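Please study the sequence and the model shown here before attempting the exercises.

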Amino acid sequence: AGDSGGWQWWLRFWWIPLVVIALAVGYFTTARRGDDGALSTSGTVTLEDLRVGDCFSFKSDATEISDVEGLPCSEPHESEVYAIANYSGAVYPESDAQLDQAIGDVCLPPFESYVGRSYDESVLFITAITPTEESWNDGNRQFICHLFEADDELLTESQRNADR
């Protein structure tokens, strides 16, 4: 009879080691921030947690993303967030031309104050992570403006005040 108590205990609490493992995996794969708010370790960052000044690389070529690989800006990375702003257009930008116009409207104005050089004179390029149509219909208008190098070159430092 004493042995069945051990089994009952195991059946009741079998899930605890799985939760501990899941939490540990989450902790060690999530990017962490230093006291200054900058990413101090590489790891997963959700789009909702991206901040101006964060450096990152895309995890895949998927058209819909929910997270990126956040990296300290001193490590090689594809992109850097330089602005997060809402698009004021009334209609979801469906075509490439509409999307390019929307990104220009939202992301061009803050570029110079972040980089220190006008976009026309810069060697950097810009784009944005934009809401999906479904998210747009739910009220999301947030564009995450980020800059990158041409020809898939990686950045190796922050471009804030880089004057390039």
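Two exercises with worked solutions follow.

This is a predicted model, in which local features need pLDDT of at least 70, side-chain atom pairs count only at pLDDT 80 or more, and totals for chains, interfaces and linings use all residues. Residues are numbered from 1 along each chain as its sequence is written.

**Exercise 1.** Describe the order of the strands in the sheet and identify the edge strands.

Step 1. The open sheet has 6 strands (DSSP E runs of at least two residues, numbered from the N terminus), in the order β1-β3-β2-β4-β6-β5, with antiparallel pairing.
Step 2. β1 (43–46) and β5 pair on one side only and are therefore the edge strands (two strands pair if DSSP finds at least two bridges between them).
Step 3. From one strand to the next, the twist averages 45° (angles run from 0 to 180 degrees between N-to-C directions of axes fitted to C-alpha atoms).
Step 4. Within the sheet, β2 (residues 55–57) and β3 (residues 67–71) are joined by 3 bridges in the antiparallel sense; S57 stands opposite E69 in β3.

**Exercise 2.** Characterise the largest pocket and its lining.

Step 1. The largest pocket holds about 890 Å³ of space. A pocket is an open set of points on a 1 Å grid where a 1.4 Å probe fits, with protein on both sides within 12 Å along at least five of seven lines.
Step 2. Its lining comprises 34 residues (each with an atom within 4 Å of a point); T63, I65, A128, I129 and T130 are the closest to the centre.
Step 3. The lining divides into 13 nonpolar, 11 polar and 10 charged residues.
Step 4. At least two lining residues come from each of α3 (96–115), β5 (125–129), α4 (133–137) and β6 (142–148).

Technical notes
Side-chain values use heavy atoms; hydrogens and water are left out. Grid points are joined across faces, edges and corners, and a volume is the space filled by probe spheres set on the points. Helices (H or I, at least four residues) and strands (E, at least two) are DSSP runs, numbered from the N terminus. Ala, Val, Leu, Ile, Met, Phe, Trp, Tyr, Cys and Pro count as nonpolar, Asp, Glu, Lys and Arg as charged, and the others, Gly among them, as polar.
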